[in-house]
Every structure is written in structure tokens, then in C-alpha cells.
Amino acid sequence: MMQKKLPIGIESFEDMIKEDFYYVDKTGFIAELLHNWGFVNLFTRPRRFGKSLNMSMLECFFSPDSDKHVFEGLKISGETELCSAYMGKYPVISISLKGINAPSYELAFQLAVQLINETAAKVQYLAESKRLSEYDKTEYRKLLDSHMTEAAFYGSMKKLSGFLEKHHNAKVILLIDEYDVPLAKAYENGYYEQMIFLIRNLFEQALKTNGSLKFAVLTGCMRISRESIFTGLNNLKVLTASDERFSGYFGFTDQEVKKLLEYYHVEDHCDEVKKWYDGYQFGDTHLYCPWDVLNHCDRIRHNPSVQPENYWINTSSNDAVKKFIQESENAAVKRDIERLIAGETIIKEIHQELTYQDMYRSADHIWSLLYTTGYLTQRGRPDGRKYKLAIPNQEIRDIFLTQIMEYFKENVRKDGEMLHKFCDALKSGDAAAVESLFTGYLKKTISIRDTFAQKESRESFYHGILLGILGIRESWGVSSNQEMGEGYGDILIEPDDADLGIIIEVKYARDGNLSAACEKALRQVDEKKYEEYFLDDGIEHILKYGIACYKKRCKVELVK
């Protein structure tokens, strides 16, 4: 029997079922939504946690036009009374705002109008409806006009709701996915105030004064301040990642992941999948990121020996982490970053209602941004606004380390005088000066003492710092992991002096014994005969360094 396809990037619920993709049943979300009624429901979750797929599922369930057979055998089919009362009984307006991404307000508005045009075009039967007056039909056709004014745009969804209610004799369900994307893009491109005004007026008419509305569901990453776009909307039900309600419907539970891995016969990878992609806590439920699990499962079922990798990092700019790392010149923030990377928790006050203008104004607000976007997660229950925060897993920790290293490389030249002294000492064979200067530099940087990093990962971190420092000497030839003798040396340096070669082997002193780690590094250099690389080129003056690191301490030993 053929296995189901893995649904990587599939956001259409109907396609998911009809095209025989593997589906983790989240249809219980429909029942909970109807049992716990809210007139306007806003769900905020990090990206790649299944928000769009759930919105497509809602559209498929309520819309009269979709195929209801796709729900057979799924959890919601057991709710016979709900299915009888709601399935296929309500017209649905479903839009996603994630496509409103433009460098200027004028182009963004054109994209917004195009979205309304396309939404209205899906229900062209309204133009021939016997239940609509000729005036209604004329007004409906205006929704297809690409030259719509801003005033017409404000009332577009409210008008479409009214026409659909008249035709179907039933109120409308409104689904707005990625509601905050236009605001994020507007903030990035300098037309935030104009976009706030546009979205606020659209939402006010669609969600507040819309007599044709049955209920609405909105999704996004951020909980944008009520004062900015939800002004006067007193019927808004906000369900954030910290809310215990609906907590298991975005993301995969441990049981769901184990079942999926067993289905594809890769259950022996459970531990690595858990280490890399688990660790999120929404409400009282612990969850994996679905995007990561599906991508890694796809790789390991074809090649079981592949290593876990970061699938999340390329789906966003990771600006929140970049901004956060830039705050590391503040000693308190630097200590917090080090504790988080070490696998510890920190307690911070979280403000989930922000505007984009507020997000980067202080380190305190950046904590809230990191939490709501999924770079940090909660541990245990919040105490009011006080949250115990942690990095969820190895994947997100990898993003932090990548951004730390990028920030380090961008700023390395600020310490040019000290780093040139380091390179001069390295070239002259002054091990004591190399040790002193490198120790001083480590005290200024973010250190790693990560409880869930392998020793090799820690060595790579210090290895990366050394490469960044050496990059200040543009005339030097610097190689990393170069094949040398009978192995691969960490760092090989060919200074601008043709008669000198430098070999550096880096070790992490896990037990804090720097001397023993240095001896091990130099022993490896000799046993692997790294110096043959230079001897073959006639270079006989070779400096062999063993550098051992532990937290912010290092030891340097030299063999000439």
C-alpha cells in the first residue's frame, strides 16, 4: 500500500484530503470554536504552526460550495448535531492579507483592492441572483472594479457580506488570515500610519457595524494593540499562545509526532526530532513546529543518516533576534542571552498587545516580540504578566547563535587595534599575549555554556570567533577545516610572510581543565601530521597553537 504524501506547504484543507496527503486531525477545532462562541475571534500564533490550514478547514466546513465528504472519518464527523446545524449552512468570505507586501502605500493599496476584486469574483452568481435588487447588483459589480477608491474599499467586505446574506438567507462567516502582515510590511517600508488607517476602517465596517456577520475568525503572529486597528471593537475575543483554550490545535503534540514518524517507519528518529523541533508551550500544551517535523520527516524517510537542520530560518528575516542581539552591549541583556543559550529560563514581563512602532523601542518590548513570534516560549504558567521564558529547542537556539556570530562579524572592526595586536602576537609566537588578548575579547562577547549543545558545537562557536578576528588581516590566507596531513586542521594561516605557517587547533574544555584540553589539541596536531601541509611547500618555520576554551576563559600553548 502506497504511503500518503507529506503535506509540506499545503494550505488547502480540501486538497489535503482529496489528494491523499497525511493529515493530522485538527477538526476538533471546529467543535470547540462553536461550543465556545466568540463573535470576533483572534488567534495569534508564530508562523508555520498551521494557522492557514485551519482557516481553510473552517471555510470548507461552513461553506455551501465545498465538498463535505472530506470530513468523513475525521473527529468533527462524530459531532452529528453540530454538523447538521452548521456544515455547509453559511456563506463564507475567506481572505488572506499576507500578499499585501509592497514598498509603497500606493502599491500596497492596489494589492488590497486586487484582493477584494478576487474575493468578489469568487461569487459572481450574485450578479444574477434573484434575491438581489438591481441596485444591489450594480453595487456588487463595483467590488470587481480595480479602480476602487479608499472609501469604497473601507466598506467592501461589509457590502459583500450583505449581498451574500440576501442570496443565501443566512448570515456570513468572515475569515481573515495573516491579518497583521500588511502592518509589518508597512512598518518596514515607512507607510505604517497610512496602512493602520486603511486596515482600521476596513475592520471597523466588516467586524463592528456589519449586521450580516455571523462571526469572524482572524489569525496572525502578533496581537496588535486594540487602540491601533481594533478601536471601539468591544466584541473581540483574543486567544494568544499563552491561552489554555484551543491550545492543541496549532502545532503537533508529542503523540501526533510519534504517530506520524511511525507511519513513515522512521520512529527511531523520535529523540532527535524532539530535541530539535519540540519545546513550544501554548497554554498548557507542549507542541512541535509542524513545518519542521514535516520537512525533517521527508528527508529522513529517503536518507535516514541526514542530520537535523534549521528549516525555520529561511521562512523569515529573523529581525526580532537581530534586534535583540544588538542590545547585547547592555550587560544585563547579554547575561540574559547567555542564560537562555545555556538552556536556562529567565523571568520577564510580557506585553502581548503592542504596536509595531513600540516593538523595538526598548529591550523590554523585544522580549514580548520574541515570545509572540516563537523565538522564546513559556515554561509553566504565567504569574500575571510575568513569564518564565526559554528558547524552545535546538533549532531556535541555532538561530540565536547564527545571529550572534553575524553581529560579531559586523562589529569586529570596532576593536581593530586590539585585534591587530592579537594577530601580531599570533605571528610572533607570543602565546601569553595571544591568551591574554583572546581572554579579554571573550569577556566582551556573548559566551555559550549551553547544556544541550554537543562539545563539537561549542568548539565551532569559538572556532567561528577566531575566524572572525583573523578576518581583520585581509592579506593573510586563512583556511578552516583544511585537509592537512592525515586529518583536517581547525585553522590554517598563511601570513603575508612567505616563510611562516600557523596551525591552530581549538578544543572546548568541558570539565574546565584548560591545560589538559590544550595538550589534547597539540597532541592531535602532531599525531595527524598537520605540519606536512607547510613542509610540502618548503615552509619550515611553523607555529602550532593549541587553544582551549571554557565559558569566557581560554588557555593558549605553543609548539614551534
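Okay, quick bit of vocabulary before anything else: when I say two strands pair, I mean DSSP finds at least two bridges between them. And keep in mind that what you're looking at is a predicted model.

So, let's use that word right away. Strand β11 and strand β12, residues 386–390, pair antiparallel, with two bridges. If you want a residue to click on, take T377: its bridge partner in β12 is A390. Zooming out a little, those two strands belong to an open, antiparallel sheet of three strands, ordered β9-β12-β11. Which strands stand at the edges? That would be β9, residues 346–349, and β11, residues 377–378. Each of them has a single partner strand, so one side of each has no neighbour in the sheet.

Now the helices on that sheet. Helix α18, residues 363–372, packs on it and touches β9, β11 and β12. Its direction makes about 105° with that of β9. Then there's helix α16, residues 331–341, which lies across β9 and β12 and runs at about 125° to β9.

Okay, next up is β6, residues 236–239. Are its faces covered or not? Both are covered: L236 and V238 are buried on one side, and K237 and L239 are buried on the other. The general background is that side chains in a regular strand alternate between the two faces of the sheet. And yes, you heard correctly, there's a lysine, K237, in that buried set. As for the partner, β6 pairs with β1, residues 40–44, in the parallel sense, over four bridges. Across from L239 you'll find F43.

Let's do salt bridges. How many are there? The count is 26, and I'll walk through a few of them.

The local one: K258 and D254, with N to O at 3.1 Å. Both sit in helix α12, residues 254–263, four residues apart, so about one turn of the helix. K258 is partly exposed at 39% relative accessibility, and D254 is partly exposed too, at 25%.

Then the long-range ones. D496 and K427 meet at 3.2 Å, N to O. That pair ties together distant parts of the chain, 69 residues apart: D496 is in the loop between β14 and β15, while K427 is in helix α20, residues 416–428. D496 comes out partly exposed, with a relative accessible area of 48%, and K427 is partly exposed at 26%.

The other one I picked is E486 with K529, closest N and O atoms 3.5 Å apart. Here it's loop to loop, 43 residues apart: E486 lies between β13 and β14, K529 between α23 and α24. E486 is exposed at 51%, whereas K529 is partly exposed at 37%. And back to α12 for a second: D254 and K258 are part of a network, joined with K274 and D278 through salt bridges that share partners.

Last topic, cysteines. How many disulfides does the structure hold? Zero. Take C83, where the nearest cysteine sulfur belongs to C60 and is 12 Å away. C83 is buried, with a relative accessible area of 14%. For C297, the nearest cysteine sulfur is that of C270, at 10.0 Å. C297 is buried as well, at 1%. The cut-off for a disulfide is sulfur atoms within 2.5 Å, and neither of these two cysteines is in one.

That's what I had.

Conventions: Residues numbered from 1 in each chain as written. Predicted model: local features only at pLDDT ≥ 70, side-chain atom pairs only at ≥ 80, totals over all residues. Heavy atoms only, no water. Buried < 20%, exposed > 50% of the residue type's maximum accessible area, 1.4 Å probe, protein only. Salt bridge = Lys/Arg side-chain N within 4 Å of Asp/Glu carboxyl O. Contact = heavy atoms within 4.5 Å. Axes fitted to C-alpha atoms, helices over the stretch in contact; angles between N-to-C directions.
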